[in-house]
Amino acid sequence: MKQIQVLSVFGTRPEAIKMCPLVKELAQRPEFNSMVCVTGQHRQMLDQVLDIFSVRPDYDLNIMKERQTLASITTGVVEGVAQVVEQCRPDIVLVHGDTTTSFAAALGAFYQKTPVGHVEAGLRTYNRYSPFPEEMNRTLTSRLAELHFAPTQRNAQALEKEGITQNVFVTGNTVIDAFATTVRPDYMFRDPALGRAVEQSGRLVLLTAHRRENLGRPLEQICDAVLALCDKYPDLHFVYPVHLNPAVRETVFARLGQHPRILLTQPLDVAEMHNVMARCHLVMTDSGGLQEEAPHLGKPVLVLRTETERPEAVEAGTALVVGVQTQEILRQASRLLDDSAAYERMAQAKNPYGDGQASRRIADCMLAYFQHKSNGEECL
């Protein structure tokens, strides 16, 4: 069989963290010719991840513009990916998850009649506006994709409910694979302030909040809860890598910027982030990726949203959805900070997102698909 030509397309930091382990897996297999196209939906944060994993793109659409809109991202990616696909003629285009890059790249590949493989398929909240625009992005990508790599059995069942039953493979989540590259016990933080924050006595909370649906009053309430926790627990301190979105930064720096036990940093690259996470006591986040990552390191997660498309973490006991109301966040965080038994139950719960072998499984499934062109079954 001739080499399988694979074009992986991604454009944001979270996508890159989850796709780079797969890109590296494909690159070391002689059955595949692995090509990478980045869109640059995030520029600086994307490049940091590429450097850490030593991945060099073959194509760079470089679409990022100041104050870019969802419409401008979508049209730029559709046109750019369609041109790249026409030029390199891959056998399959891989996209990841739920970003605008993923949906638009899948559409661009579809316009060239090229099969699409959807990595991290089947996540759903069933609320088209939360998370926005991610829920609709991933739903539409599922309609465009021909191969579906679902992290969990629940994700596969969500696809089945929508009539998607062929070429669905349960693989685990590639984000767990990334830890083999990033986390080290002797890791030295490049930012001295970050290193001091991690090493100081007391309990460290890693905090992130940036989702579009949390902008405005919800983010203000999250910040108020953080201040209340600092007042209640003198040993508590926070590290908050603040998203580059001006709407996030204006709120966060205005409310939290002067507190001596809250370190506001620039967005961290994946190695810095994973090593802070490995050393923290608790994670508070509205990020999807951290809900999957933190349990691998034994860190309880409080989800700063009203719902999650990752219910496996909640069911497994590694994450708890606490919403965006100040008093409820304070109550739930206090329970974990005051009750060591409740904390340990979450910290020791089994991570439902896999064993760090998802990239190998995805490669095996693609190889079997192209060898046999048969309907997919669960990939073991």
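How many bridges join strand 5 to strand 6, and do the two run parallel or antiparallel? Three is the count: 3 bridges join strand 5 to strand 6 (residues 147-150), and the two strands run parallel. Before I continue, please note that this is a predicted model, in which local features need pLDDT of at least 70, side-chain atom pairs count only at pLDDT 80 or more, and totals for chains, interfaces and linings use all residues. Residues are numbered from 1 along each chain as its sequence is written, and side-chain values use heavy atoms, with hydrogens and water left out.

Some terms next. Strands (E, at least two residues) and helices (H or I, at least four) are DSSP runs numbered from the N terminus, and two strands pair if DSSP finds at least two bridges between them.

I turn to the sheet. It is open, with 7 strands in the order 3-2-1-4-5-6-7 and parallel pairing. Strand 3 (59-60) and strand 7 (168-170) are the edge strands, each pairing on one side only. Between strands 5 and 6, Val119 has Phe149 as its bridge partner.

Strand 4 deserves attention. With strand 1 (residues 4-10) it shares 3 bridges, in parallel, and Ser8 stands opposite Leu94. With strand 5 (residues 116-119) strand 4 shares 4 bridges, again running parallel; here Val93 is partnered by Val116. From strand 4 the chain passes through helix 4 (residues 100-111) to strand 5 in a right-handed β-α-β crossover, that is, the path over the helix runs clockwise when the strands point away from the viewer.

Is strand 4 enclosed or open to the outside? Because 5 of the 5 residues of strand 4 (residues 92-96) are buried, this strand is largely enclosed by the rest of the structure; buried means under 20% relative accessible area with a 1.4 Å probe, protein chains only. In a regular strand, side chains alternate between the two faces of the sheet. Here Ile92, Leu94 and His96 lie on one side, Val93 and Val95 on the other, and all are buried.

Finally, the core. A nonpolar core is a set of buried Ala, Val, Leu, Ile, Met, Phe, Trp, Tyr and Cys residues joined through side-chain atoms within 4.5 Å. The largest has 58 residues, and those with the most contacts inside it are Phe10, Leu94, Phe149, Leu206 and Met366. A second, separate core of 33 residues includes Cys223, Tyr240, Leu302 and Leu336. Contact means heavy atoms within 4.5 Å. Not counting residues up to four places away in sequence, Leu206 touches, among others, Val239, Met273 and Leu290.

Key. Buried < 20%, exposed > 50% of the residue type's maximum accessible area, 1.4 Å probe, protein only.
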